[in-house]
Amino acid sequence: MSRFLISAILAIASLLFSGLALSQAESGAEQLRQFVRNSKTAEGDFVQQQLRAPKANEPQDKGLKVVRQTQGHFVFQRPGRFIWDTQKPYEQKLIADGKQLILWDKDLNQATIRPAGQALAATPAAILFGETSLDQHFDLIEGEERLGMKWATLTPKKDPNAKNKNDLPYTKISIGMVNGLPKALELIDGLGSVVLVTLDKIQLNVNLPANRFTFTPPAGAEVLRLN
């Protein structure tokens, strides 16, 4: 799984919690603020697409081209725990248990483990895992209304004390809201690549067992630990 796609998943993880659904009369930015503020637990389904603009020798009238698509199920618990379970076209799990981030690849029979704080520090996951206000990390700009959704655009605020100011790979992050729930997420990098995620069957404030986010690699699996 590429760094870009892992970062996309972490960005999505940062946005998938809510309490009460809001009226669609609220702006997209305000729906998003309350969605993050009231978050507890959630689970649902996702479809994630990686898109690119057509090349010079390709038809220019068909818009962005899908170069990769995955789908699966997500589970979240605030703060600091989530499972992003890719089921098709291959089986792969990204698991955060509050202390570490685990990437499990079934085909490779391999688990890659790294400290959660380090892995998540430079991503929009701070929206979910931090206890501070959304507006402390991002400037929220009210976007247009399209595809039946009210959109909000998030621009990461510059941290003058950050050692690496290019850790966040996105130039634009947009979230489409419907009745207080995120239904679509667009992530655009500096090269024009786009990750589009659509969300479905979201259940809010579900009861989760204490061991829901515990993962033990099967016997014989290769385990890589990155510091």
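A residue counts as buried here when its relative accessible area is under 20%. By that yardstick, in this predicted model, helix α2 (residues 28–37) has seven of its 10 residues buried, so the helix is largely enclosed by the rest of the structure. The buried set is made up of Gly 28, Ala 29, Gln 31, Leu 32, Gln 34, Phe 35 and Val 36. Glu 30 and Arg 33 are another matter: Glu 30 is partly exposed, at 23% relative accessible area, and Arg 33 counts as partly exposed at 22%. Their side chains meet in a salt bridge, with 3.9 Å from N to O. The two residues sit three apart in α2, which means that about one helical turn separates them.

What does α2 lie across? The helix lies over β7, β8, β9 (170–178) and β10 (181–189), and runs at about 70 degrees to β8. These strands belong to an open sheet of 12 strands with mixed pairing, in the order β7-β8-β9-β10-β11-β1-β2-β3-β4-β5-β6-β12. At the edges are β7 (138–146) and β12 (222–225), each of which pairs on one side only. From one strand to the next, the twist averages 20 degrees. In general, strands of a sheet pair through backbone hydrogen bonds, and can do so in parallel or antiparallel fashion.

A few of the pairings can be followed residue by residue. Edge strand β7 runs antiparallel to β8 (residues 149–156), and seven bridges join the two; across this pair, Asp 139 stands opposite Thr 155. Elsewhere in the sheet, β1 (residues 41–52) and β2 (residues 65–77) are antiparallel, with 12 bridges between them, and Gly 44 stands opposite Phe 74 of β2. Strand β2 also pairs with β3 (residues 81–88), again in the antiparallel sense, this time over seven bridges. Here Val 75 has Ile 83 in β3 as its bridge partner. Three residues lie between β2 and β3 in what is a hairpin, and Gly 80 in the turn has a positive phi of about 90 degrees.

Turning to the interior, nonpolar side chains in soluble globular proteins tend to be buried together. The largest nonpolar core in this model has 37 residues, and Leu 32, Phe 82, Trp 84 and Leu 94 have the most contacts inside it. Helix α1 (residues 3–13) supplies the largest share of this core, eight residues. Leu 94 gives a feel for the packing: leaving aside neighbours within four places in sequence, its contacts include Ile 6, Ile 9 and Leu 10, along with Phe 82, Ile 83, Trp 84 and Leu 101. A second, separate core has 11 residues, among them Ile 95, Trp 104, Val 206 and Ala 221.

How many salt bridges does a search of the whole structure find? The search turns up five, one of them being the Glu 30–Arg 33 pair in α2. Another joins Glu 91 to Lys 106, with the closest N and O atoms 3.5 Å apart. This pair links distant parts of the chain, 15 residues apart: Glu 91 is in the loop between β3 and β4 (92–97), while Lys 106 is in the loop between β5 (100–105) and β6 (110–115). Both partners are partly exposed, Glu 91 at 42% and Lys 106 at 46%. Glu 144 and Arg 146 also form a salt bridge, their closest N and O atoms being 2.5 Å apart. Glu 144 is partly exposed at 44%, and so is Arg 146 at 25%. These two residues are linked with Glu 186 in a network of salt bridges.

Key: Residues are numbered from 1 along each chain as its sequence is written. This is a predicted model: local features need pLDDT of at least 70, side-chain atom pairs count only at pLDDT 80 or more; totals for chains, interfaces and linings use all residues. Side-chain values use heavy atoms; hydrogens and water are left out. Buried means under 20% relative accessible area, exposed over 50%, partly exposed in between (1.4 Å probe, protein chains only). Helices (H or I, at least four residues) and strands (E, at least two) are DSSP runs, numbered from the N terminus. Two strands pair if DSSP finds at least two bridges between them. Axes are lines fitted to C-alpha atoms, for helices over the stretch in contact, and angles run from 0 to 180 degrees between N-to-C directions. Contact means heavy atoms within 4.5 Å. A nonpolar core is a set of buried Ala, Val, Leu, Ile, Met, Phe, Trp, Tyr and Cys residues joined through side-chain atoms within 4.5 Å. A salt bridge is a side-chain nitrogen of Lys or Arg within 4 Å of a carboxyl oxygen of Asp or Glu.
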